[in-house]
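Subject: Structure for you to look through

Dear colleague,

I am passing a structure on to you, and below it I have written down what was found. Please keep the model open while you read.

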Amino acid sequence: MLGRMIVRWQAVREAARGPVVTHALIAGCCVVFVLSPASGLNPVYGTGDQLLANGTAYFRRWGVVPDELFTGSGRAALTPLTALFVHGSWLHLLGNMLFLYVFGAMTERRMGRAGFLCFYVCTGYLALAAYAAAYASSDQTLVGASGAISAVLGAFLYLFPRARVTSLFPFLFFVPLRFPAWIVLMFWFGLQWLAAHRAASGPGVAYLAHVVGFSVGFLYAWARYRRGTRVGRPVTAVEGDSQP
């Protein structure tokens, strides 16, 4: 009986030390999405043309509009923060949350809860602001946690380069293969870099925000933890079409 109580107490303590911030961010994004017009589940926004109109207004209110961000408006200045919790579709949401779930937990444990939350918010804001600055004349809205999650990937690459990652690559018929994290994440970054250079015509998928976020995340981890010990341990991830 005493042994069982000790085991249960240890399990409770271990759960308390878990990636609370990562799970809270995922939960927050999911709740916001379900309540938004993009989910199609909230009857408040109506159906058909009314839903489309309400969705457009919703994204312009909570998303980043590049040609409004640097006008000095206080409301516009807050949109890179609110946009981190807004997603445009189920696929957009699930792809981002998958990456955050897999790579956020270990990064949070390394940085600590407060440090990880600050890192996530600040890098996410910077990535979206950098993208808006590059397309300052655009009136298209930008939403999603991609920039912040890309920063998490960059930090993970520095902190856990030898962690082995199980990945699914479309061009290999989605056969699960295990690679060191540095191979998978550098491959992902290379794709984002190439896509960002090809997206010169204007906003679409925010590849530039991915590149900025990843770079800032890696550089922050290097500056903050370069005198510490980097570790490598097994971790499972999925690398496919639904990328942040």
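A residue is called buried when its relative accessible area is under 20%, exposed when that value is over 50%, and partly exposed in between, with a 1.4 Å probe and with protein chains only taken into account. This is a predicted model, in which local features need pLDDT of at least 70 and side-chain atom pairs count only at pLDDT 80 or more, while totals for chains, interfaces and linings use all residues. Residues are numbered from 1 along each chain as its sequence is written, and side-chain values use heavy atoms, with hydrogens and water left out.

The chain has 10 helices and three strands, where helices (H or I, at least four residues) and strands (E, at least two) are DSSP runs numbered from the N terminus. Along the sequence their order is α-α-α-α-α-α-α-α-β-β-α-α-β. Of the 244 residues, 43% count as buried.

You may ask how many disulfides the structure holds. There are zero, a disulfide being a pair of cysteine sulfur atoms within 2.5 Å. The sulfur of cysteine 29 has its closest cysteine sulfur in cysteine 30, at 6.9 Å, which is too far for a bond, and cysteine 29 is buried, with a relative accessible area of 0%. For cysteine 118 the closest cysteine sulfur belongs to cysteine 122, and at 3.8 Å that is also too far for a bond; cysteine 118 is partly exposed, at 46%.

Serine 150 lies in helix H8, which covers residues 146-159, and serine 150 is buried, with a relative accessible area of 0%. Its side chain reaches the backbone oxygen of serine 146 at 2.8 Å. If neighbours within four places in sequence are left aside, serine 150 is in contact (heavy atoms within 4.5 Å) with Trp188, His210, Gly213 and Phe214.

On the surface, Val31, Val34, Leu35, Leu41, Trp90 and Leu94 make a nonpolar patch of about 570 Å². Helix H2 (20-35) and helix H6 (90-111) are the elements that give two or more residues to this patch, and H2 supplies the largest share, three residues. Patches are made of residues with over 30% relative accessible area and no salt bridge (a side-chain nitrogen of Lys or Arg within 4 Å of a carboxyl oxygen of Asp or Glu), and nonpolar side chains (Val, Leu, Ile, Met, Phe, Trp, Tyr) are joined within 5 Å, like charges within 9 Å. Leucine 94, found in helix H6, counts as exposed at 52% relative accessibility.

With best wishes

Terms used: Polar contact = N/O pair within 3.5 Å; in protein donor to acceptor, adjacent residues only side chain to side chain. Areas by Shrake-Rupley, 256 points an atom, 1.4 Å probe, with all protein chains shown as cover.
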